[in-house]
Amino acid sequence: MERLEAALEFVRQLDPEPIARSLQEIGFECTRCGRCCSAADGEPHTATVFPDEVRAIQTETGDEWAEIARPMPFGIEDGTGETFEWALQTAPNGDCTFLTSEDGRTRCSIYGTRPLLCQTYPFSLSLPGTGVSEDAAVESAGRVRASACPGLGAELDAERARSMAERLKTRAIRELEETIALREQYQPVPDPEGVIVHDSEGAKYPDGTAFEGTRR
């Protein structure tokens, strides 16, 4: 926990300007190909969404919690088990449920309230003490890491780079805050019936309501 708190303090002090320069060094322009929102290699699309982000999407769309988010699939077997955090809901084909097509081009139907992870893809920050793997990185500059994306290498102007740098810093802070809060809140549920999701607010059922005991 102390290492995470130290990493949180570190990222709060980060100057966005070097991050912006690293982003420009790598370069990026979204091609609207939709790959980052689609199922890949037979696996459904998986993008982390925080509880307050789910509620923001609810306010915009009027959707129920389970229409927006699903339990992160890791740790769940045969529809039973405990897992940590939420992922955006997927369509039957495994694509993000908010991925739509218009005039042959893909678009996000919740673009204005899309999660921080989506706002900053394909980039992330490498931070000390977080234990984050960089195996998926195909490009790197300074503290910036980039996942595979057709838009990499395109010219990125200073204004857009600065905006992305600010969002990357915000995302890194939020991820660390969520992880710290989750660990503080976590109480194991022995032999759960069904799925229990642990997030920064405590344990929840898949519909987003608070866990208060066994639900049959």
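Glu-102 stands opposite Arg-105, and Arg-105 belongs to strand β6. That pair is where I will start in this predicted model. The strand on the other side is β5, residues 99–102, and β6 covers residues 105–108. The two strands run antiparallel, and four bridges join them. Between them the hairpin has two residues. One residue to look at in this hairpin is Asp-103, which takes a positive phi near 55 degrees.

As background, strands of a sheet pair through backbone hydrogen bonds, and the pairing is either parallel or antiparallel.

Now to a sheet. Three strands form an open sheet in the order β1-β4-β2, and the pairing is antiparallel. Which strands are at the edges? They are β1, residues 48–49, and β2, residues 69–71, and each of these pairs on one side only. Take β2 and β4, where β4 is residues 86–88: three bridges hold this antiparallel pair. Within the pair, Ala-69 stands opposite Leu-88 of β4.

Next, some loops around these strands. Asp-78 sits in the loop between β2 and β3, and β3 is residues 81–84. Asp-78 has a positive phi of about 55 degrees, although it is not a glycine. Is Asp-78 buried or exposed? Its relative accessible area is 80%, so Asp-78 is exposed.

One loop further on, between β3 and β4, we find Glu-85. Glu-85 is also a residue other than glycine with a positive phi, here near 75 degrees. Its relative accessibility is 11%, and the cut-off for buried is under 20%, so Glu-85 counts as buried.

After β4 comes the loop that leads to β5, and Thr-90 lies there. Thr-90 counts as buried because its relative accessibility is 18%. What does Thr-90 touch, not counting residues up to four places away in sequence? The list is Pro-44, His-45, Arg-70, Asp-95, Cys-96 and Thr-97.

One more loop, this time for its peptide bond. Pro-122 is placed in the loop between α5, residues 116–120, and β7. The bond from Tyr-121 to Pro-122 is cis, and its omega is near 10 degrees.

On to the helices. A general point first: an α-helix has 3.6 residues a turn, so residues three or four places apart point the same way.

Look at α2 with that in mind. Its buried residues are Pro-16, Ile-19, Ala-20, Ser-22, Leu-23 and Ile-26. Why do we say that they line one face of the helix? Seen down the axis of α2, the buried residues fall within an arc of 160 degrees, so they line one face. The face turned away from that buried side carries the exposed residues Arg-21 and Glu-25. The cover over the buried residues of α2 includes β7, β8, β9 and α6, with β8 at residues 139–141.

Both ends of α2 have something to show. At the N-terminal end, Asp-15 is the cap: one of its side-chain oxygens lies 3.0 Å from the backbone nitrogen of Glu-17. Following the helix is Gly-27, with a positive phi near 85 degrees.

Helix α3, residues 51–61, can be read in a similar way. Pro-51, Glu-53, Val-54 and Ile-57 are its buried residues. They cover an arc of only 160 degrees around the axis, so they are on the same side of α3. The residue Gly-62 follows α3, and its phi is positive, near 80 degrees.

Last topic, the nonpolar cores. The largest one has 26 residues. Which of its members touch the most other members? They are Val-11, Ile-19, Leu-23, Phe-123 and Leu-125. At least two residues of this core come from each of α1 (2–12), α2 (16–26), β7 (123–125), β9 (144–146) and α6 (158–185). Helix α6 gives the largest share, eight residues.

Leu-23 is worth following as one example. Leaving aside neighbours within four places in sequence, Leu-23 is in contact with Phe-123, Val-144, Leu-156, Ala-161, Met-164, Ala-165 and Leu-168.

There is also a second, separate core, with 14 residues. Val-54, Trp-65, Phe-98 and Val-197 are among them. Val-54 came up a moment ago, as one of the buried residues of α3. That is the end of my part.

Notes
Residues are numbered from 1 along each chain as its sequence is written. This is a predicted model: local features need pLDDT of at least 70, side-chain atom pairs count only at pLDDT 80 or more; totals for chains, interfaces and linings use all residues. Side-chain values use heavy atoms; hydrogens and water are left out. Two strands pair if DSSP finds at least two bridges between them. A nonpolar core is a set of buried Ala, Val, Leu, Ile, Met, Phe, Trp, Tyr and Cys residues joined through side-chain atoms within 4.5 Å. Buried means under 20% relative accessible area, exposed over 50%, partly exposed in between (1.4 Å probe, protein chains only). Contact means heavy atoms within 4.5 Å. The arc is that of the directions from the helix axis to the C-beta atoms. A polar contact is a pair of N or O atoms within 3.5 Å; within protein, one must be able to donate a hydrogen and the other to accept it, and residues adjacent in sequence count only if both atoms are side-chain atoms.
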